[in-house]
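Got the structure open in your viewer? Let's take a walk through it, one selection at a time.

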Amino acid sequence: MSEPLDLWVSEKSTEHLQMSFRTKRVLFSEKSPFQQVDVIETERWGKMLLNDGMVMVSEADEFIYHEMIAHPALFLLPNAKKVLIIGGGDGGTAREVLRHPEIETVHMVEIDEVVVNACREHLPVTAQCLVENNPRLSLVIEDGIQFAKAQKQKIEQKEATAYDLILVDSSDPVGPAAPLFNAEFYQDLKSILRPGGIIISQAESSYVYPEAQESLLKILNSEFESVYLYNFVNMTYPSGLWSFSLATNDTDLNPATIDAEAIKTSNWNFRYYTPAVHRAAFALSQYQIDRVGRYVHRSQIGA
Ligand code: SPD
């Protein structure tokens, strides 16, 4: 009797680093007009979505990424009502935003319908809010770049109102997500954000992709009054340590101070996010300060 296949799927993160996941089977594999989309079933991490071979979410740790992209900003903006999500086709970010009852409208703009449908079918917990007729969620299949430009015109013509919070839940800066790391995109986002609003962006890894992170923070720094970097741990991303950026023109906002009572009394059974995690996430290592300290708020560099 021959042994069953020992199947591994690898993300080749850089020329010098790859991560491999022992895999039971491939559940979905399709080349969309934008990228290669795969869902695999792993031994340890549950089902996993990969875009162009890069891990986007796994069932085992998606809660960390999605809690950390949504809740820090939402607890800093208790009066937020209108949220825009660019990307986030798996639905996890929208799921977390919609846990806040004060949020009336979520616009989610995803370029790749193949990702949305693959997640609806294979990652139903992550994609649970991507149902037809969700009264608070409007899902638009469109390029986020074009959406932001069109929205800018509508706001200028008073046909639409600005967003309180914008979440850029992008994949890595290659393929369809590359323009989401450009200055022009953030200039457009700035004009569709209300004064005092917040933009959170997927900000890559300080250790594996320092150039991409630095470039994003440099752009944000040139467009916004205050820029912060905050960290979280995601086991299935290369190096484990990953970051989001926070950009705002509200100079009074201090993101590291948080209403701990509001988080505790929300009683939502977070699995990662706590008041202490919120505060600690904004602490930067000396390595990060040396790399990007000139682009982030002075409170993050110990000044
Ligand atoms: N290398 C992974 C970068 C993060 C990708 N975004 C994940 C989307 C989750 N909604």
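A quick bit of vocabulary before the clicking starts: buried means under 20% relative accessible area, exposed means over 50%, and partly exposed is whatever falls in between. Keep in mind, too, that this is a predicted model.

**Stop 1: the loop after β4**

Select D52, in the loop between β4 and β5. Its relative accessibility is 38%, so D52 counts as partly exposed. Now check the backbone: phi of D52 is positive, about 50 degrees, although D52 is not a glycine.

For another case of positive phi, jump to N269. This residue sits in the loop between α7 (260–266) and α8 (275–281). Phi of N269 is near 55 degrees, and again the residue is something other than glycine. Is N269 buried or exposed? With a relative accessible area of 64%, N269 is exposed.

**Stop 2: N51 in β4**

Head back and pick N51, which belongs to strand β4. N51 has a relative accessible area of 8%, so this residue is buried. Which residues does N51 touch, leaving aside those up to four places away in sequence? Show Q35, Q36, V37, M56 and V115 and you have them.

**Stop 3: helix α3**

V115 is your way into the next element, so colour α3, residues 113–122. The buried residues here are V114, V115, V116, A118, C119 and H122. To see what they pack against, bring up five strands: β2 (17–31), β3 (36–42), β4 (47–51), β7 (105–110) and β8 (137–141).

Before leaving, zoom in on the start of α3. There, D112 points a side-chain oxygen to within 3.0 Å of the backbone nitrogen of V114.

**Stop 4: S13 in β1**

Next, select S13 in strand β1, which spans residues 8–14. S13 has a relative accessible area of 8%, so it is buried. Show the side chain of E11 as well: a polar contact of 2.8 Å links it to the side chain of S13.

Beyond residues up to four places away in sequence, S13 touches Q18, M19, Y209 and P238. Then draw a distance from the C-alpha of S13 to that of M54: you should get 7.4 Å, for two residues 41 apart along the chain.

**Stop 5: the ligand**

Now click on the ligand, which sits in the largest pocket. Ask your viewer for the residues around it and you should find 13, of which H66, D90, D169, S170 and D172 come nearest.

Three of these side chains are worth a distance label each:

- H66: an N or O atom of its side chain is 2.8 Å from a nitrogen atom of the ligand.
- D169: a polar side-chain atom lies 2.8 Å from a ligand nitrogen.
- D172: here the distance from a polar side-chain atom to a nitrogen of the ligand is 2.9 Å.

How much of the ligand's accessible area does the protein cover? On its own the ligand has 340 Å², and the protein covers 98% of that.

To finish, colour β5 (54–58) and α1 (62–76), each of which supplies at least two residues of the shell around the ligand. Which element gives the most to that shell? That would be β5, with three residues.

Conventions
Residues are numbered from 1 along each chain as its sequence is written. This is a predicted model: local features need pLDDT of at least 70, side-chain atom pairs count only at pLDDT 80 or more; totals for chains, interfaces and linings use all residues. Side-chain values use heavy atoms; hydrogens and water are left out. Buried means under 20% relative accessible area, exposed over 50%, partly exposed in between (1.4 Å probe, protein chains only). Helices (H or I, at least four residues) and strands (E, at least two) are DSSP runs, numbered from the N terminus. Contact means heavy atoms within 4.5 Å. A polar contact is a pair of N or O atoms within 3.5 Å; within protein, one must be able to donate a hydrogen and the other to accept it, and residues adjacent in sequence count only if both atoms are side-chain atoms. A residue is near a molecule or strand if one of its heavy atoms lies within 4 Å of it. Accessible areas come from the Shrake-Rupley method with a 1.4 Å probe; for residues, only the protein chains shown count as cover. On a 1 Å grid over the protein atoms alone, a cavity is a set of points where a 1.4 Å probe fits but cannot get out, and a pocket is an open set with protein on both sides within 12 Å along at least five of seven lines; lining residues have an atom within 4 Å of a point. A molecule sits in a cavity or pocket if more than half of its atoms lie within 2 Å of its grid points.
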